[in-house]
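Student: I should like to understand how the descriptive terms applied to this structure are justified. May we take them one at a time?

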Amino acid sequence: MSAPQPLLSRAFRDGVVAALIVAGLGFPVIAYRAEPDFNNVLTLNARWPLFLTFCALGFALRFLLTLWTARPRPLRAVKAPEAPVRRPWLAPLGLAALIAYPLLMPVLLGPQAALKWVDTFGVQILLYVLLGWGLNIAVGLAGLLDLGYAAFYAVGAYAYALLAPLTGLSFWALLPVSGLFAALWGFCIGFPVLRLRGDYLAIVTLAFAEIVRVVLVNWDVVTHGEQGLFGFPPISFFGLPFIPGPRGFAAHFGLKFAAVHKLIFLYFVVLALALVANFVSIRLRRLPLGRAWEALREDEIACRALGLDTANIKLTAFALGAFFAGIAGCLFALRQGVVSPSSFTFNESATILAIVVLGGRGSQWGVALAAALIVGASELLRQLDFLKMIFGPDFDPAQYRMLLVGLAMVAMMNFRPRGIVSTRQPTITLPAAGVRP
Amino acid sequence: MEIFLQQLINGVTLGSIYGLIAIGYTMVFGIIGMVNFAHGDVFMLSAFIALLLLLLLTQMLGLPAGLAFVPVLFGSMCLTALWNFVIERVAYRRLRGSFRLAPLISAIGMSTFLSNFVTVTQGPNNKSIPPLLNKIIPLTSGGDYDVTLSYKQILIVAVTAVLLAAFWFVVQKTSLGRAQRACEQDAKMAALLGVDVNRTISLTFVIGAALAAVAGSLFLLQYGVVKSSDGFVPGVKAFTAAVLGGIGSLPGAVLGGLAIGLVETLWGQYFSSDYKDVAAFSLLAVTLIFMPSGLLGRPDVEKV
């Protein structure tokens with residue numbers, strides 16, 4: 001047997017190997033960039049400093065990793081799992097903060113500066129929370145990986161954008177209609193495919209989402225193609241439009257007109273609907289249907305052996321998830337004012353799925369946190385202008401958003417497959433011995 | 001009739017490329033039972049590697065493009081194989097014992113990462129190269145529409161046929177192929193009998209990536225243009241091909257690829273080219289719903 005290598009030389013060797021691998025991975029793709037020149041002929045621009053930086057990073061990370069894993073570790077007693085701390089005050093406090101947030105922002109920042117805060121960090125995050133909770137019903141509870149969630153989102157958005165000018169109905173009437181349309185689509189798509197095994201189901205939902213998107217792009221007469229639909233009626237406060245002038249919301253309540261009023265109202269609508277989604281999924285989890293979903297997620301064969309109608313149970317989860325996506329789509333149309341196919345690409349489905357995966361499939365708190373994290377992080381990336389000074393003016397940090405989302409999904413599956421908040425209580429447990437339930 | 005013949009030739013060419021990608025899906029699915037969702041993006045990445053190597057050889061070293069293509073093909077195969085090897089180690093290996101959807105979710109993350117990695121490093125626009133190997137053989141002449149067969153198309157179909165034969169031989173006759181088939185049937189038992197399962201799985205990914213790289217290089221040769229979002233749709237179509245041919249079956253993958261290529265080009269010609277993706281995707285859904293074991297596959301029975 002050979003003598004064990006000294007740690008440093010082993011770490012050094014590992015580091016060199018890692019650097020070589022990074023060099024192989026990055027060789028043409030990082031080291032060169034093909035750009036068309038003045039004659040529109042592709043030419044190569046060498047980027048050796050960047051390439052060498054990556055190799056050095058690979059070396060350094062692997063070197064440190066080897067040293068870190070080889071450090072002497074004292075043996076520690078295994079801790080007994082602690083009883084979960086109950087924090088009954090957390091939910092009311094969080095709700096109070098959520099209600100106070102959009103009202104405080106204009107007071108603190110002024111109505112103009114508050115626009116962005118209420119819109120991006122308020123309405124947008126809540127929309128993603130709503131979508132996340134909706135998808136969580138399919139993915140987290142019933143274990144049905146739905147890669148076409150953006151299609152139902154699109155159905156909701158287009159349902160509102162098409163029906164509002166056509167029927168003249170108000171937003172309150174069309175909100176459930178959009179949801180029902182999406183649920184109907186979920187039902188129609190789910191009906192044939194839900195018999196498939198999990199990963200096939202995922203790919204078929206993906207294919208359906210692409211079909212929906214292609215149709216939206218090409219069916220010019222109805223959807224106006226890539227341009228999308230706009231000019232549909234905006235949200236109003238129970239009939240009072242958010243416009244300046246004597247007939248608007250602001251004048252009626254004796255306020256000074258501000259664009260932020262509309263967003264604050266929209267914020268509360270989205271918040272209320274998100275809470276409904278949350279309430280529905282928490283309650284359903286305690287019903288036989290919800291129990292069946294969770295059982296189905298764990299073991300489909302056992303469920304079938306117990307006589308559960310797996311197709312119906314899956315279909316309800318799928319359609320209910322689609323319903324909330326439709327609702328979210330309607331709200332998205334109201335927020336954006338324009339609905340176009342580019343908002344409903346696979347990237348959108350992947351982002352919502354990443355929210356559910358990051359949050360921990362089945363965990364309501366986790367999904368909400370993950371939605372805030374992803375929206376917050378992508379906004380943060382947009383703000384990092386100082387990086388332009390380091391990497392040159394072409395550097396656009398916002399491009400890295402989906403790259404990081406992808407990496408986060410891989411990392412979560414590998415290291416914390418149960419999500420950031422990995423302490424979801426089982427819905428049902430056996431009573432402890434000697435304690436009557 | 002001439003148009004039909006021409007579309008038939010184009011369809012077979014496109015189908016060969018799908019078939020080569022589909023082999024990667026079908027082999028990985030066969031051995032570890034996961035849908036390697038990132039495979040389409042590996043294909044796209046390989047096309048980019050080929051593009052950059054081609055520019056490197058022709059512009060920096062001044063080789064003629066025709067001569068450069070062979071080293072480009074081999075370079076792209078090696079580098080893409082390294083990529084897929086690393087991807088398997090980083091993203092999938094730890095998940096083998098995890099819950100069922102974990103590898104698929106990880107693969108979706110990897111796919112998102114890869115396409116955005118290329119967007120970030122190479123920009124989101126189309127990259128087009130001047131056409132290579134332009135000779136064509138006119139098959140009919142004098143009519144309103146001349147059917148032509150280009151050297152490129154012959155090359156693509158020939159390469160696919162040769163590679164399929166080579167890999168068929170590898171899987172059927174060599175010890176690697178035997179190990180692969182053993183792992184496919186029962187990984188635990190194969191490990192007990194001395195098959196290095198990890199190594200076999202790694203090799204499967206390497207072979208799949210090498211074939212995807214061939215497809216990527218041929219794609220670049222045929223269409224002369226590639227962009228960073230090009231992995232997604234060909235990826236799904238190649239998966240459709242794998243499913244249609246019967247997942248797990250090598251000749252099935254190529255057969256499925258040809259079928260998809262033909263459906264797509266003929267649909268584009270006779271119905272609507274805007275909706276040709278819809279045709280391919282609907283075919284996927286219809287196949288999975290009515291014929292989940294495909295043309296040449298074995299029925300998949302789920303056991304406890």
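Tutor: Helices are DSSP runs of H or I with at least four residues, numbered from the N terminus. The model is a predicted one. Just after α2(B), G62(B) takes a positive phi of about 70 degrees.

Student: How do you know how the reach of helix α2 of chain B stands against the expected span?

Tutor: The expected span is 1.5 Å times one less than the number of residues. Helix α2 (residues 39-60) of chain B has 22 residues, for which 32 Å is expected, and its first and last C-alpha atoms are 31 Å apart, close to that value.

Student: What makes α2(B) largely enclosed by the rest of the structure?

Tutor: A residue is buried if 20 or more other C-beta atoms lie within 10 Å of its own. In α2(B), 19 of the 22 residues are buried, so the helix is largely enclosed.

Student: Why are α6(B) and α8(B) called roughly perpendicular to each other?

Tutor: Angles of 65 to 115 degrees count as roughly perpendicular. Helix α6 (residues 175-185) and helix α8 (residues 197-223) of chain B pack at about 105 degrees, their axes 10 Å apart; the two are therefore roughly perpendicular. On the α6(B) side the contact is made by L176(B), A179(B), Q180(B) and C183(B), and on the α8(B) side by V197(B), T200(B), I201(B), L203(B) and T204(B).

Student: Which classes of residue make up the contact of α6(B) with α8(B)?

Tutor: That contact has 6 nonpolar and 3 polar residues, with no charged ones.

Methods:
Residues numbered from 1 in each chain as written. Chains lettered and ligands numbered in written order. Predicted model: local features only at pLDDT ≥ 70, side-chain atom pairs only at ≥ 80, totals over all residues. Axes fitted to C-alpha atoms, helices over the stretch in contact; angles between N-to-C directions. Parallel < 35°, antiparallel > 145°, perpendicular 65-115°, else oblique. Contact = placed C-beta atoms within 7 Å. Nonpolar A, V, L, I, M, F, W, Y, C, P; charged D, E, K, R; others polar. Buried ≥ 20, exposed ≤ 12 C-beta atoms within 10 Å, placed from the backbone.
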